[in-house]
Amino acid sequence: MFSICSFPRRSVLIQSFTCSGTCPGKRNIMNHLKLLFFTSVALAASAAVAQSANPPDTAVSAKAWAIHDSALVIDTHADTPQRFLDEGFNIGSTDPKDIGHVSLDKARRGNLGAEFFSIWVDPETNQGHFAQHTFDLIDSVYEQAARHPDRMEMAFSVADIERAHREHKLAALMGIEGGHSIENDMRLLRDYYRLGVRYMTLSWSNTNEWADSSGDINDPKIQHHNGLTDFGKQVVLEMNRLGMMVDISHVADKTFWDVIAVTKAPVIASHSSARALVNAPRNMTDDMLRAVAKNGGVVQVNFYSGFLDEEFRKALEAQDKDEKAAVQKYVDSLKAQGKPVNYIEINRIEREWMAKIPRPPFKVLVDHIDHIAKVAGVDHVGLGSDFDGVSGATPQGMDSAADLPKITQALLDRGYGANDIKKILGGNLRRVFRQVETVSREMQARPD
């Protein structure tokens, strides 16, 4: 989900609508632990059908196709669960009019082997029941896997990702986007891990009680902590112990440096780009990129045009006031009728405004991958698309997961060899994930 820190797409919605229904909070946790049983069911699903051949694409050469098809492609951030839950979207949809980025067919065409589905809980409209909505979103991912056992399965480890790939299935993983989902309760963090969550973004665009966010770091009305609190540092260490990757996308700069000082395992930026190219606070400075490399982690490049192209970012800023007014008008009309805010309709309005700005060329996406590879090293960059979370605002030619082979072609054109391209497409993330698993085993083997 893109950040309100640069262009507050959801700021009007967040400021205008709060929970008016039952907000049970974490007292219902045990009722939701039934989801744990789904794990064994998902892992026992039937064998996959043979993978269809990729269709020809005039923009991608035979050499690029050969490299791409031989890679295990991993994307670390897609907001599709919002569609599962709020729209009733079926990931098996074959609707040619579907404007979404992710479906099983689109993943197959792009040879996407593993997707980390984002579990994002709006911190304002879910006040008092963050955990409840987190569980609902987790359930929505499991339900999709259960509907398509021959094409998709839940995955919880590097070994699971690799097995699903051999079976020609999409490996479905989950990452929580925003530490407010744990409701300041370490037991909830452990419950989420048991349910399959394998990374957590420490903050979303909102500063929580223990981690400062880049989204509101300059807002004097928000109480900040100068990075991580002591509890926040304990959260990082507990994530290390569990084997849950620590995600530093969205966090404030000081929070980032606190994480680097505390963590015992490599970190990830699940969906961030380079600040040297686009001056958005959600992007990472070159010093941060070098620190992630020293830590052994990986930066997964965000596909959102507002983080990839400076002219696009400035154009968004210029129309931001009018766009917020349009969204506010819609929200006010719903409130006047006593109706709940419609997330899908808000997204439609946002898409209309995004479409007013010309999409930047495809090369800007590759520019960020290339920059991070040059600054941090080719072992420390990957793909974190933010698919289905940016109101359609991706560069030209990147319309869905089916277009991922174009990245391989562009990297090949820039002189990258097959081995390095495969690292960027997913090999680097697998290495980091595997090291996080190793650190977890080592920490759990030590006496308290």
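In this predicted model, helices are DSSP runs of H or I spanning at least four residues and numbered from the N terminus, and the close-up views below use that numbering.

**View 1. A salt bridge within helix α5 joins arginine 83 and glutamate 87**. The two residues lie four positions apart in helix α5 (residues 81-87), and are therefore separated by about one helical turn; their closest N and O atoms are 3.0 Å apart. Arginine 83 counts as buried at 10% relative accessibility, whereas glutamate 87, with a relative accessible area of 39%, is partly exposed.

**View 2. Arginine 241 and glutamate 238 form a salt bridge in helix α10**. Here the residues are three apart in helix α10 (residues 230-242), so about one helical turn separates them, and the closest N and O atoms are 2.7 Å apart. Arginine 241 is partly exposed at 29% relative accessibility, while glutamate 238 is buried, its relative accessible area being 11%.

**View 3. Leucine 404 belongs to the largest nonpolar core**. This core has 91 residues, and Leu404 is listed among those with the most contacts inside it, together with Phe117, Met200, Leu202 and Ile407; helix α7 (residues 130-147) supplies the largest share, eight residues. Leaving aside residues up to four places away in sequence, leucine 404 touches several residues, among them His68, Val73, Phe303 and Met398.

**View 4. The side chains of aspartate 403 and lysine 406 meet in a salt bridge**. The N to O distance is 3.1 Å, and aspartate 403 counts as buried at 11% relative accessibility.

**View 5. A network of salt bridges links Glu153, Asp160, Arg163, Glu167 and Lys169**. The structure as a whole holds 31 salt bridges.

Note on methods:
Residues numbered from 1 in each chain as written. Predicted model: local features only at pLDDT ≥ 70, side-chain atom pairs only at ≥ 80, totals over all residues. Heavy atoms only, no water. Core = buried A, V, L, I, M, F, W, Y, C linked by side-chain atoms within 4.5 Å. Buried < 20%, exposed > 50% of the residue type's maximum accessible area, 1.4 Å probe, protein only. Contact = heavy atoms within 4.5 Å. Salt bridge = Lys/Arg side-chain N within 4 Å of Asp/Glu carboxyl O.
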